[in-house]
Amino acid sequence: MIPATSLSGKKVALFGLGGSGIATARALIDGGADVTAWDDNPESVTKAGAQGISTVDLRQVDWSGFASFVLSPGVPLTHPKPHWTVDLARGAGVEVIGDIELFARERRRASPDAPFIAITGTNGKSTTTALTAHMLSSAGRDTQMGGNIGRAVMTLDPPTPDRHYVVECSSYQIDLAPSVNPTAGLLLNLTPDHLDRHGTMQHYAAIKERLVAGSETAIIGVDDIYCAQVADRLERAGHDVIRISKRLAVTDGYFADGFALLRAQGGRITQIATLEDIGSLRGQHNAQNALAAVAACLRVGLDLKDIQHGLDSFPGLAHRMEQIGRKGNVLFVNDSKATNADAAAPALSSFPRIYWIAGGLPKEGGIEPLRSFFPRIARAYLIGEAAPAFSATLGEAVPYEISGTLAAAVEHAAADAAKDEAGDVVVLLSPACASFDQFKNFEVRGDAFRAAVLALDGIEPIGGTR
């Protein structure tokens with residue numbers, strides 16, 4: 001726990017008493033703040049009260065006495081309209097902040113030189129965060145990982161000069177962290193997302209930009225126009241900017257050429273690492289993730305030997321192109337996190353011959369955007385509510401069966417792939433659908449796939465399989 005001493009002796013309102021909200025309330029109380037908390041969910045209020053957190057309906061209190069209002073990032077700050085608590089706070093002139101802001105203030109108070117890497121972007125945040133933390137910890141650095149992944153940021157260990165922080169930041173969290181100032185701020189990419197909460201793409205991009213604008217070094221992926229413009233704008237303003245690209249040979253920065261990760265510096269290009277034979281980092285999208293992590297780790301002092309070792313030993317994240325096992329020439333991959341067509345595209349682009357398990361609760365547009373990958377698919381196994389629509393899209397372009405259930409799809413795909421004489425093939429769960437027709441969430445769906453694969457006769461689990 002990091003005590004939030006920056007608000008010691010002050011009255012603080014807090015709204016949102018989920019897991020991270022309760023953790024933040026505890027950090028404020030431990031730091032000496034007088035906390036008044038509330039939630040729209042009566043069960044959350046009861047749970048917080050049982051843990052000694054003072055709960056009062058914030059509609060019934062005098063806001064003039066509060067120094068700060070701490071808002072859960074899941075609660076609307078601006079769009080489609082501000083939450084009622086935000087209106088009350090602003091009406092009383094009370095600052096509205098979140099847990100990332102509290103962390104930034106505590107770091108500045110206790111140990112401003114503690115290395116702090118903050119990561120954002122539309123896609124790839126979690127993989128890049130986990131990879132960066134893995135490289136640091138495998139090199140023997142005291143490493144704390146949290147934020148929008150894993151542990152709530154205020155539950156991490158308190159800052160010390162040699163303690164490294166790797167924090168994933170969502171746009172919602174950045175919006176509530178006006179003074180966040182990482183050692184290295186990473187902006188991976190920007191595509192339209194969460195516009196229901198941000199109103200416009202321009203507003204969404206501007207929020208993401210704040211993270212890198214406040215950093216000592218801004219590491220920015222320049223493969224989309226929004227991020228390229230951010231990099232140019234910050235550089236013109238005098239910021240230290242490092243550009244990365246998964247597909248362009250940048251003149252100064254880091255880029256990928258096949259498996260090679262290259263650094264361009266002063267007109268000279270050198271190879272700094274390779275992704276060859278690293279199954280957990282397949283695909284061009286993972287080249288971008290790796291480049292960002294490498295640039296960040298170099299910024300905080302890792303050497304190239306430690307970086308290559310960290311890349312080689314990275315197990316990957318569950319449900320994101322997670323390698324489960326092998327049986328002969330067949331690799332089994334769990335990409336259950338791919339809940340729409342765009343999310344499934346990276347996995348489909350990473351393997352030449354695929355036995356594809358797809359389907360679930362369909363999203364708008366279906367799998368039509370994936371048509372360019374159809375030549376890679378040896379056969380498709382369709383499950384859930386989307387099966388009829390997906391079969392219509394596949395038509396005569398791809399052989400398919402309507403398997404119905406995930407268990408049947410795994411059994412049939414494994415049997416068919418075992419007969420394939422084309423060399424290495426993959427049985428890939430990348431559903432391009434939500435899970436809610438048959439599973440509670442994509443994690444449960446991925447766990448079911450993993451269990452079905454590991455139950456196959458003759459399967460060889462891949463190291464790190466959960």
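Which residues have the most contacts inside the largest nonpolar core? The points below take this up, along with the voids, the pairing of β14 and some backbone details of this predicted model.

1. The largest nonpolar core has 38 residues, and M135, L261 and L311 are those with the most contacts inside it. Two or more residues come from each of β5 (116–120), α5 (125–138), β8 (184–187), β10 (240–245), β11, β13 (268–274), α10 and α11. The element that gives the most is α10, with 10 residues. In soluble globular proteins, nonpolar side chains tend to be buried together.

2. L311 can be followed through its contacts. Leaving aside residues up to four places away in sequence, L311 touches L131, M135, L261, A273, T274, L275, I278, L281, A290 and V294. Among these partners are M135 and L261, which are also named with L311 as having the most contacts inside the core.

3. There is a second, separate core of 35 residues. It includes V35, V70, I100 and I207. V70 also appears in the lining of the largest cavity.

4. The structure holds 2 cavities of 30 Å³ or more. The largest cavity has a volume of about 60 Å³, and its lining consists of L14, F15, G16, S20, G21, T24, V70, L71, S72, P73 and D99. β1 (11–15), α1 (19–30) and β3 (68–71) each contribute at least two lining residues; the largest share, 3 residues, is from α1. By class, this lining has 5 nonpolar residues, 5 polar and 1 charged.

5. The second largest pocket has a volume of about 300 Å³. Its lining is made up of 15 residues, with F259, L275, L281, R282 and G283 nearest the centre of the pocket. β11 (253–257) and α10 (284–299) are the elements that give two or more residues to this lining. The lining divides into 6 nonpolar, 5 polar and 4 charged residues. L275 and L281, named here as lying nearest the pocket centre, are also among the residues that L311 touches.

6. Strand β14 (residues 322–327) pairs with two strands described here. With β15 (residues 330–334) the pairing is antiparallel, over 5 bridges. With β20 (residues 460–461) the pairing is also antiparallel, over 2 bridges. G325 has F332 as its bridge partner in β15 and stands opposite P461 in β20. The hairpin of β14 and β15 has 2 residues between the strands, and G328 there takes a positive phi near 65°.

7. The loop between α11 (304–312) and β14 contains H319, and M321 lies in that loop as well. H319 has a positive phi of about 75° although it is not a glycine. M321, likewise not a glycine, has a positive phi of about 50°. Are these residues buried or exposed? H319 is buried, with a relative accessible area of 6%. M321 is buried, and its relative accessible area is 6%.

8. One cis peptide bond can be noted: the bond joining H79 and P80, with omega about -5°. P80 is found in the loop between β3 and α3 (84–91). β3 is also one of the elements that supply at least two residues to the lining of the largest cavity.

Definitions and conventions. Residues are numbered from 1 along each chain as its sequence is written. This is a predicted model: local features need pLDDT of at least 70, side-chain atom pairs count only at pLDDT 80 or more; totals for chains, interfaces and linings use all residues. Side-chain values use heavy atoms; hydrogens and water are left out. On a 1 Å grid over the protein atoms alone, a cavity is a set of points where a 1.4 Å probe fits but cannot get out, and a pocket is an open set with protein on both sides within 12 Å along at least five of seven lines; lining residues have an atom within 4 Å of a point. Grid points are joined across faces, edges and corners, and a volume is the space filled by probe spheres set on the points. Helices (H or I, at least four residues) and strands (E, at least two) are DSSP runs, numbered from the N terminus. Ala, Val, Leu, Ile, Met, Phe, Trp, Tyr, Cys and Pro count as nonpolar, Asp, Glu, Lys and Arg as charged, and the others, Gly among them, as polar. Two strands pair if DSSP finds at least two bridges between them. Buried means under 20% relative accessible area, exposed over 50%, partly exposed in between (1.4 Å probe, protein chains only). A nonpolar core is a set of buried Ala, Val, Leu, Ile, Met, Phe, Trp, Tyr and Cys residues joined through side-chain atoms within 4.5 Å. Contact means heavy atoms within 4.5 Å.
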